[in-house]
Amino acid sequence: MLEPFFHWRQATGIQVLANSPLSTRLCTGVKCVSSMLNMAPTCLQPLLRCRSLAILFLTPLLLLPLPLAVPTREARCAYIIIIMAVYWCTEVMPLAVTSLMPVVFFPLLGVQTSKKVCLQYLNNTNMLFFGGLIVAISVEQWNLHKRIALRVLLILGVKPALLMLGFMAVTAFLSMWISNTATTAMMVPIVQAVLDQLDSTENDVTMVEQASGQTNTVIELEEKITSESTAVHIVSNEQVTDDPKSSEEKKMRKRICKGMTLCVCYAASIGGTATLTGTGPNVVLKGQMNQLYPNNNDVVNFASWFGFAFPNMVLMLVLAWLWLQCSFMGLNFKKSWGLGTEKTDKEKAAYSVLKAEMKKLGPMSYAELNILLLFILLVLLWFSRNPGFVKGWAARLFPGGEKYISDSVPAVFIALLLFILPAHKPKCKAWNPSMSDPEQTEEDKKKPFLSAPLLDWNVVQRKMPWSIVLLLGGGFALADASANSGLSAWMGRQMTPLGSIPPWAIATVIALITAVITECTSNVATATLFLPIFSSLAESIKIHPLYIMLPATLSASFAFMLPVATPPNAIVFSYGHIHVLDMVKAGIVMNMIAVCCVTLAINTWGRPMFELDTFPAWANSTRNQ
């Protein structure tokens, strides 16, 4: 679901939660940073070591002339926002800790009351996110996501092209509902197991072929050469060292490993964009739209976002699959698809690995079935609450429901059921002691009718990314303070000259800039900082705010170029199949594909869906209230 469960950055190395099974692999990032410090000139080493301390204390001091020279609420608000932006980008403090700064400094500087600031940290959008995450945690807890993944892969097959498509489709689908990081961490070991089996099977086949080839050659040479041992030795050396076919196969295997692992992290980032709760920037957009435009008629809800973003996700996934196929496997359809041909030994081995993993899960449990039904119910409630073209259940079943009920209501309702419904099938016991089962033990009689619930609060406490809750809250506090202090209106007036540029060009440039910036900063922080600015830009040039905010939100998730850009990239990189240059080469094209797809989406089906050709009344009337 939310991408930054942990935060990797170039400046600080790779940081992982202590209980992460990947910690031993990912510590290599910290070693790289240490070696960089050692390689720096002697005079610069103390500065590099004190970098965090210098940024922490010098940033407020250097910016202090701003509120002193311009004694207005707008300047004081901008002062805190710029400091937070620097801290977020450099991570001199944890992102969640930086997010708490508005609670202290906005009241002290007279920007906003503490009561109004604190209300932003657990508002309606954060509750939607919170409820959705609890459902995602329950899916992970009972391994339902792994069962879905393996079942789809077994259906699609193990031909190279289909295998990659299967990995990408499953990863993208799961990433729509649960964390991008958790999805990648679950999928990569499956990919690794399949690749290892393919590799070992190919080695076995090669050894058998070499052995039979050597035997045949020796028989032929015995007729001409009397020394059998010499002949065998010569042939053996030639077979092992000078076989160009074997060298080419090794290179091909390496390329396949790179393509198969890269496809997982790219699909995780793409899949999270399809749903409103799929990744952080989407939730930020929803919250800031409600914050900046309280009368927007719920223009961004689960159904409208899905209708816009899901086709874009499918288009991006197909193009990404074709690009990775072309880059690492070649577009040899006969070899990749293998239509009408029998399965090779390698494909049979890969299929057996997937089947063995599925067998380990055993039959579907009562708990898994319950969670699957609750998950389906939640999705149906989200879609049917206010579909737009007809009255939803909120308006039909409850008086004034369209006003009082939002997407957070079904999310928290299903989350509550997870703590009530039992994890195991209830055992019906006879009330009459004479009719009870004589074989029933005394212990069985004392057991409660209902077992433990599907989800335990201790599990939620351990797996919930509380830091992201605070990060979202801090972003909403910044947006609210910007609007109420007049800073947003001031920024909008400065950007009025951009009205001469066509809106589609502005949207394209903004998507490109956001995609570049998110390679170095948290996607949630990027969206939090830039969305209020883009809304001011839209108001100043009188275009629909979503025309600019939608491309920026989607592009904040397009971190494809660097291992440190997003946790899925770092997890894939840690397995050692790919180098930084491999990811950069593939990621540059992926970023271009993503920006083109977003530009296409916003200018085609996005226009009628959100009425982007008109400047809405709610955007004009609510800014300066």
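Start by selecting Asp298 and Lys286: their side chains form a salt bridge, with N and O 2.7 Å apart. Keep in mind as you go that this is a predicted model. The two residues come from distant parts of the chain, 12 residues apart. Lys286 sits in helix α16, while Asp298 is in the loop between α16 (280–292) and α17 (302–329).

Now colour the pair by accessibility. Lys286 has a relative accessible area of 3%, so it counts as buried. Asp298, at 22%, is partly exposed, because buried is reserved for values under 20%.

Next, add Arg385 and Asp407 to your selection. Here is a second salt bridge, 2.8 Å from N to O. Arg385 belongs to helix α20 (residues 366–385) and Asp407 to the loop between α22 (401–404) and α23 (408–418), so this bridge ties together parts 22 residues apart in sequence. Both Arg385 and Asp407 are buried.

Keep all four side chains on screen for a moment. Which residues do Lys286 and Asp298 share a network of salt bridges with? Arg385 and Asp407 are the partners that link up with them.

Time to move on to Asp582 and Lys258. These residues also form a salt bridge, and their closest N and O atoms are 3.2 Å apart. Follow the chain between them and you will see that distant parts are being linked: Asp582 is in helix α32 (residues 580–603) and Lys258 in helix α15 (residues 244–271), 324 residues apart. Asp582 and Lys258 are both buried. If you would like to hunt for others, the whole structure holds eight salt bridges.

From charged pairs, turn to the nonpolar interior. Select Phe167, Met168, Tyr266, Met289, Leu546 and Ile548: these have the most contacts inside the largest nonpolar core, which has 162 residues. Which helix gives the most to this core? Show α17 to find out, as it supplies 13 residues.

Zoom in on Tyr266 next. What does Tyr266 touch, once neighbours within four places in sequence are set aside? Its contacts are Leu324, Phe560, Met583, Ala586, Gly587 and Met590.

For a last stop, select Ala559, Leu562, Ala565 and Val584. These four are among the five residues of another core, which lies apart from the largest one.

Note on methods:
Residues are numbered from 1 along each chain as its sequence is written. This is a predicted model: local features need pLDDT of at least 70, side-chain atom pairs count only at pLDDT 80 or more; totals for chains, interfaces and linings use all residues. Side-chain values use heavy atoms; hydrogens and water are left out. Helices (H or I, at least four residues) and strands (E, at least two) are DSSP runs, numbered from the N terminus. Buried means under 20% relative accessible area, exposed over 50%, partly exposed in between (1.4 Å probe, protein chains only). A nonpolar core is a set of buried Ala, Val, Leu, Ile, Met, Phe, Trp, Tyr and Cys residues joined through side-chain atoms within 4.5 Å. Contact means heavy atoms within 4.5 Å.
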